[in-house]
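Take a moment with the sequence and the 3D view before reading on. Then follow the text from one pair of residues to the next.

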Amino acid sequence: MHRPLIFAAVLLTLYGTATSAETNRIEMGDGHISGSQLSEYQYTWKQCSLQEGEWVSQPDLTESADIIGDLLRVSQTAQRPDGGSQSTSVYLKRDSLSPVRIEVSQRGPDGKILGSMRHKLNNQGYQALIKRGDASRSSQGTISSEMYLGTGMGLPLSQLSPDLLPAEIAASMLVFDASYRVILTDAGSDTIEHNGQAVETRMIDVEWHHLGQGDIYPPGPDASGGRYWVTTNPPESFPYVPRYKTDTYAIEYVADTCQ
């Protein structure tokens, strides 16, 4: 499940965490993470953020996945309080979940497009076209298709064998032109009750290391790095990534933090 861009706004800058020398390095396309077994879906998650000590509801996020040849298109839509909306479509190679194209658009309450952003990625970097109204600009950078999308980490993690943890992957936040070294650790298992069924999920804690600034976001649901709840083969009507939580942000399929 792909996290919305709001994730970046709630990260806190913290320092001083070390990683184990036994951490496995996961490279894009090395076969350890593949989307070939993923099925098409559409689900809606609740979102909330911590504000002045209280968890405050944010607009629901609907995400769908569609298989298009050798690509997997993952699309998100969230309504804004003003009646507008933001939609994002990410095109991933099915065999590796490597990102090759990202399309973002913002619409006003009347449905008209206010702005858009498109990225094309390859193993050398990216090219972007950003439009707002009648104005447009292009940019390019070194973030490449060899990095997992930081705003969509959950889906790849759902397909990673727990036997490989702790592990390290490369990730990016394109909106900030930022790249990261991400450390993944096994946080055990959890049972989520849904429609009278007990679904066993794996918990994976994530620790983010900003490669440009050196900032570190510690792992766990009560820290800024966060925790994912994932399942490789979910039952019918249940997503691959039912929950993600940090100390200030949560997105979940079954309400827990977000009520």
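Start with Asp205. At a relative accessibility of 11%, Asp205 counts as buried. The cut-off is simple: a residue is buried when its relative accessible area is under 20%. Keep in mind that this is a predicted model.

Which residue does Asp205 meet in a salt bridge? The partner is Arg227, and the N to O distance between the two side chains is 2.6 Å. Arg227 is buried as well, with a relative accessible area of 17%. Asp205 sits in strand S13, while Arg227 sits in strand S15, which covers residues 227-230. The two residues are 22 apart along the chain, and their pair links distant parts of it.

Stay in strand S13, which runs over residues 197-210, and find Glu207. Glu207 is buried too, yet it has no salt bridge. How far away is the nearest side chain of opposite charge? That side chain belongs to Arg181, and it is 6.2 Å from Glu207. A salt bridge needs a nitrogen and an oxygen within 4 Å, so this pair does not qualify. Glu207 does have another partner. Its side chain joins that of His209 in a polar contact of 2.5 Å.

Now widen the search. The whole structure holds nine salt bridges. One of them joins the side chains of Arg25 and Glu168, at 2.7 Å from N to O. Arg25 lies in strand S1 (residues 24-25) and Glu168 in strand S11 (residues 167-173), so the pair ties together parts that are 143 residues apart in sequence. Are these two residues buried or exposed? Arg25 is partly exposed, at 38% relative accessible area. Glu168 is buried, at 15%.

Another salt bridge joins Asp222 and Lys245, at 3.6 Å from N to O. Asp222 is in the loop between strand S14 (216-217) and S15, and Lys245 is in strand S16, residues 243-245. Here, too, distant parts of the chain are linked, 23 residues apart. The two ends of this bridge have opposite settings. Asp222 counts as exposed, at 65% relative accessibility. Lys245 counts as buried, at 12%. Salt bridges can also share partners, as they do in the network that joins Arg25, Glu27, Glu168 and Arg181. Arg181 is a name you have already met, as the nearest side chain of opposite charge to Glu207.

Next comes a covalent link. A disulfide is a covalent bond between the sulfur atoms of two cysteines. How many disulfides does this structure hold? It holds one. The bond is formed by Cys48 and Cys258, whose sulfur atoms are 2.0 Å apart. The link is left-handed, with -80° about the S-S bond. Cys48 lies in strand S2 (residues 41-51), and Cys258 lies in the segment after strand S17 (249-252), so the bond ties together parts that are 210 residues apart in sequence. Cys48 is buried, with a relative accessible area of 1%. Cys258 is buried as well, at 2%.

Turn now to strands that pair side by side. Strand S6 covers residues 99-107, and strand S7 covers residues 113-122. They pair in the antiparallel sense, over seven bridges. Across this pairing, Arg101 stands opposite Lys120 in S7. The hairpin of S6 and S7 has five residues between the strands. Within the hairpin, Gly111 takes a positive phi near 90°.

Strand S7 has a further neighbour in strand S8, residues 125-132. S7 and S8 also run antiparallel, and eight bridges join them. Which residue of S8 is the bridge partner of Lys120? It is Gln127. Lys120 therefore has a partner on each strand: Arg101 stands opposite it, and Gln127 is its partner in S8. The hairpin that joins S7 to S8 does so through two residues.

Finally, step back to the whole chain. The protein chain has two helices and 17 strands. Its radius of gyration is 18 Å, close to the 18 Å that the globule rule gives for 259 residues, so the chain is as compact as a globular protein of that length. Along its principal axes, the C-alpha trace spans about 50 × 40 × 40 Å. Of the 259 residues, 52% count as buried.

Key:
Residues numbered from 1 in each chain as written. Predicted model: local features only at pLDDT ≥ 70, side-chain atom pairs only at ≥ 80, totals over all residues. Heavy atoms only, no water. Helix = DSSP H or I, 4+ residues; strand = E, 2+ residues; numbered from the N terminus. Buried < 20%, exposed > 50% of the residue type's maximum accessible area, 1.4 Å probe, protein only. Lys, Arg positive; Asp, Glu negative; His and termini not counted. Polar contact = N/O pair within 3.5 Å; in protein donor to acceptor, adjacent residues only side chain to side chain. Disulfide = S-S within 2.5 Å. Rg over C-alpha atoms; globule rule 2.2 N^0.38 Å.
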